[in-house]
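Visitor: I am new to this structure and would like to understand the words used to describe it. Could you show it to me and explain the terms as we go?

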Amino acid sequence: MYRITLICPYRDIDSKRPLIEAALIDAFGGFTRIHTQGAWKDQQGRVYWEDNWQYTITTDKDIRTVGYEANRISNTIKVAYRQQEVYSLIEVVALAEQPSICDVCGEILDSDGECPISRMP
């Protein structure tokens with residue numbers, strides 16, 4: 001399982017956000033969008049604060065597809081928002097198995113699938 005994080009400018013002068021979001025839905029089936037803020041410093045030492053959208057996607061697609069699609073969408077953001085760089089991150093995510101629950105009492109079953117409550121004398 002992979003988690004992809006992309007940062008996109010909050011400002012949307014030319015209404016490009018629907019294009020980016022449609023590409024995310026087409027490539028991965030959905031996303032979570034969070035309003036974030038960040039800062040960066042230019043070569044002259046000026047600090048710029050800006051609002052952003054952070055898109056988070058979790059997918060079980062193969063790594064080649066994930067890399068290709070994340071790069072393609074990053075480039076779309078770069079061009080659409082006239083950005084020099086776009087923050088993007090791909091992480092491997094290990095999902096914990098959900099424990100089995102006893103239908104009778106709601107306790108977590110042990111490794112043998114037995115309810116610890118029902119085994120009590």
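Guide: Let us begin with angles: those under 35 degrees count as roughly parallel, those over 145 as roughly antiparallel, those from 65 to 115 as roughly perpendicular, and the rest as oblique. What you see is a predicted model, in which local features need pLDDT of at least 70 and side-chain atom pairs count only at pLDDT 80 or more, while totals for chains, interfaces and linings use all residues. Residues are numbered from 1 along each chain as its sequence is written, and side-chain values use heavy atoms, with hydrogens and water left out.

Visitor: Why are α1 and α2 called roughly antiparallel to each other?

Guide: Helices (H or I, at least four residues) and strands (E, at least two) are DSSP runs, numbered from the N terminus. Axes are lines fitted to C-alpha atoms, for helices over the stretch in contact, and angles run from 0 to 180 degrees between N-to-C directions. The axes of α1 and α2 cross at roughly 175° and come within 10 Å; set against the cut-off of over 145, that crossing angle makes the two helices roughly antiparallel to each other.

Visitor: Which residues make the contact between α1 and α2, and how do they divide by class?

Guide: Contact means heavy atoms within 4.5 Å, and by that rule L19, I20, A23, L24, A27 and F28 in α1 meet V66, E69, A70, R72, I73, T76 and I77 in α2. Ala, Val, Leu, Ile, Met, Phe, Trp, Tyr, Cys and Pro count as nonpolar, Asp, Glu, Lys and Arg as charged, and the others, Gly among them, as polar. On that basis the residues of this contact divide into ten nonpolar, one polar and two charged.

Visitor: What makes the strands a sheet, and in which order do they lie?

Guide: Two strands pair if DSSP finds at least two bridges between them. β1 (residues 2–9) and β4 pair over five bridges, eight bridges join β1 to β3, and β2 and β3 pair over ten, so that each pairing meets the requirement of at least two. The result is an open sheet of four strands in the order β2-β3-β1-β4, with antiparallel pairing. Its edge strands are β2 (32–41) and β4 (88–92), each of which pairs on one side only. Individual partners can be named too: L6 stands opposite S88 in β4, C8 has W53 in β3 as its bridge partner, and A39 stands opposite W49 in β3.

Visitor: Where do the helices lie on the sheet, and at what angles do they run?

Guide: Helix α1 (residues 17–28) lies across β1, β2 and β3 (47–59), running at about 25° to β3. Helix α2 (residues 63–80) packs on the sheet, where it touches β1, β3 and β4, and its direction makes about 5° with that of β1.

Visitor: What makes one space a cavity and another a pocket?

Guide: On a 1 Å grid over the protein atoms alone, a cavity is a set of points where a 1.4 Å probe fits but cannot get out, whereas a pocket is an open set with protein on both sides within 12 Å along at least five of seven lines; lining residues have an atom within 4 Å of a point. Grid points are joined across faces, edges and corners, and a volume is the space filled by probe spheres set on the points. The structure holds one cavity of 30 Å³ or more, and the largest cavity has about 50 Å³ of space. The largest pocket has about 470 Å³ and is lined by 17 residues, of which W40, E50, Q83, Q84 and E85 lie nearest its centre.
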